[in-house]
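Q: I am new to this structure and would like a close look at a single part rather than a tour of the whole. Please take one strand, describe its surroundings and its partners, and then turn to some other places for context.

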Amino acid sequence: MNLSVTSMAIGDVRIAYRDCAIGRSDTADVPVVLVHGMGGDGHTWDRFARILLARGRRVIIPDLRGHGRSSHADSYLFGEFGADLLKLIERCGLASVDLVGHSLGGYAVSRVAQERPDLVRRLVMEECPLPARSGDEQMSLTRRFPSVPELWHAASSLIRHPRAVFAFDRTMTATALEQFRKPDPQWWERLSDITAPTLVLRGGPGGMVDPEKLAIMQAAVPDCTVCAFTCGHSIHRDRHREFEAVVLPFLS
């Protein structure tokens, strides 16, 4: 797959990304931005990107801060991943985008859709662990949050993606776990700001999406569809044909 690799400085962090539009003139449709999860990099999307490219779509695939070819950072707050992504989209001069995000990438794209609803045409969130809603919920929560090993192994594999594993800044795992456990009422309050048709994909056993909180999210987002799969956390990797059959029509 011939995607040109470039990067841009966003504050003190350099974000690397691949963009099929560089050197091409046949990608007039709305660009699709594919965002990976924690512990991986943009190459997790290569198979799906090839399909989109064959359909004439412009595809942009960033590596999040601390991942892949992007630089490590002093801070890994979840909101910063979303802010990096929004700045990348704005600096690329994109007036409208389709966003697809897996796990942590799903949270990042949701933040973009909340901040700039005018910018997002379609939103896909795959297996995004949903934050706690309040302190009371945090104290009484019976459904467990992902552990550090689960966050690591669910998103990456030494055998499948050795470069991603070695490039990943492991210092963010403890910070990520702390943020998953910390209530984020503002994120929940801003779900109604998302105006794009939204598709949420959740896995079965081994997935990280709490079905009770997912039902609340679905009710809060004005146009939200949920599709359940029988696999675990990485639907686009482990059930690619099923993923493709659901996501491609949604993006078309």
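A: What follows looks at strand E5 and its neighbours, and then at one helix residue and one pocket.

The model is a predicted one, and the part chosen here is strand E5, which covers residues 97-102. Six of the six residues of E5 are buried, so this strand is largely enclosed by the rest of the structure. The cut-off behind that statement is a relative accessible area under 20%. In a regular strand, the side chains alternate between the two faces of the sheet. In E5, Val97, Leu99 and Gly101 point one way, while Asp98, Val100 and His102 point the other way. The residues pointing in either direction are all buried.

The pairing of E5 with other strands can be followed next. Strand E3, made of residues 32-35, pairs with E5 in the parallel sense, and four bridges join the two. Within this pairing, Leu34 has Val100 of E5 as its bridge partner. E5 also pairs with strand E6, residues 120-126, again in the parallel sense, here over six bridges. In that pairing, Leu99 stands opposite Leu123 of E6. Between E5 and E6 the chain passes through helix H3, residues 104-115, and the β-α-β crossover formed in this way is right-handed.

For context, consider a residue in a helix. Asp46 belongs to helix H1, which spans residues 46-54. Because its relative accessibility is 17%, and buried means under 20%, Asp46 counts as buried. The side chain of Asp46 makes a polar contact with the side chain of His43, at 3.0 Å. Asp46 can also be placed relative to Ile61, which is 15 residues away in sequence, with a C-alpha to C-alpha separation of 9.1 Å in space.

A last place to look is the second largest pocket, which holds about 210 Å³ of space. Its lining includes Leu77, Phe78, Gly79, Glu80 and Tyr107, together with Pro129 and Pro131, and, further along the chain, Gln179, Phe180, Lys182, Pro183 and Asp184. Two elements give two or more residues to this lining, namely helix H2 (78-91) and helix H7 (172-181). The largest share, three residues, comes from H2. By residue type, the lining of this pocket divides into seven nonpolar, two polar and three charged residues.

Technical notes
Residues numbered from 1 in each chain as written. Predicted model: local features only at pLDDT ≥ 70, side-chain atom pairs only at ≥ 80, totals over all residues. Heavy atoms only, no water. 1 Å grid on protein atoms, 1.4 Å probe; cavity = no way out; pocket = protein on both sides within 12 Å on 5 of 7 lines; lining within 4 Å. Points joined across faces, edges and corners; volume = space filled by probe spheres on them. Nonpolar A, V, L, I, M, F, W, Y, C, P; charged D, E, K, R; others polar. Buried < 20%, exposed > 50% of the residue type's maximum accessible area, 1.4 Å probe, protein only. Polar contact = N/O pair within 3.5 Å; in protein donor to acceptor, adjacent residues only side chain to side chain. Pairing = 2+ DSSP bridges. Right-handed = clockwise from strand over helix to strand, strands pointing away.
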